[in-house]
Amino acid sequence: MNDALCKKSDKEEQHNLSREERIKHISGLFGEGKKNIEGKNILLCDDVITTTATVNECARILKDMGAKTVTVTAAATTPLKNT
């Protein structure tokens with residue numbers, strides 16, 4: 001594996017969860033990969049951002065790994081239905 005992030009497990013999909021459930025669900029789902037990103041500027045791409053739970057968790061991990069900056073882009077955003 002040569003990725004900066006790795007997904008630790010396949011939990012249930014998040015699209016049916018509330019914001020609070022999504023934040024709990026995502027905690028610990030991703031971890032450090034083997035790629036050294038110390039001092040690098042990272043572009044994090046997501047398909048759809050709903051609550052920001054996934055991108056926030058991934059950005060936190062990347063910053064903890066030493067990334068200089070983490071910029072997020074997405075193809076789409078959606079309103080949260082289960083609030």
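# Briefing: helix packing, nonpolar core and Thr71

The chain has two helices and four strands, where helices (H or I, at least four residues) and strands (E, at least two) are DSSP runs numbered from the N terminus. Read along the sequence, these elements follow the pattern β-α-β-β-α-β. This is a predicted model, in which local features need pLDDT of at least 70 and side-chain atom pairs count only at pLDDT 80 or more, whereas totals for chains, interfaces and linings use all residues. Residues are numbered from 1 along each chain as its sequence is written, and side-chain values use heavy atoms, with hydrogens and water left out.

**Chain totals**

- Of the 83 residues of the chain, 34% count as buried (under 20% relative accessible area, with exposed over 50% and partly exposed in between, for a 1.4 Å probe and protein chains only).
- Among contacts (heavy atoms within 4.5 Å) in the chain with a separation of 6 or more, 74% are between residues 24 or more positions apart.

**Helix pair H1 and H2**

- The axes of helix H1 (residues 19–26) and helix H2 (residues 53–64) come within 9 Å and cross at roughly 30 degrees, the axes being lines fitted to C-alpha atoms over the stretch in contact and the angles running from 0 to 180 degrees between N-to-C directions.
- H1 and H2 are therefore roughly parallel to each other, since angles under 35 degrees count as roughly parallel, over 145 as roughly antiparallel, 65 to 115 as roughly perpendicular and the rest as oblique.
- On the H1 side Arg22, Ile23 and Ile26 take part in the contact, and they meet Ala53, Thr54 and Glu57 in H2.
- By class, this contact of H1 with H2 has three nonpolar, one polar and two charged residues, where Ala, Val, Leu, Ile, Met, Phe, Trp, Tyr, Cys and Pro count as nonpolar, Asp, Glu, Lys and Arg as charged, and the others, Gly among them, as polar.

**Nonpolar core**

- The largest nonpolar core (buried Ala, Val, Leu, Ile, Met, Phe, Trp, Tyr and Cys residues joined through side-chain atoms within 4.5 Å) has 16 residues, and those with the most contacts inside it are Phe30, Ile37 and Leu62.
- Strand E3 (41–49) and H2 each supply at least two residues of this core, and H2 gives the most, with five residues.
- Leaving aside neighbours within four places in sequence, Phe30 is in contact with Cys6, Lys7, Lys8, Thr54, Cys58 and Ile61.

**Thr71**

- Thr71 lies in strand E4 (residues 69–77), and at 45% relative accessibility Thr71 counts as partly exposed.
- Not counting residues up to four places away in sequence, Thr71 touches Ile42, Leu43 and Leu44.
- Thr71 and Asn41 are 30 residues apart in sequence and 7.8 Å apart in space, C-alpha to C-alpha.
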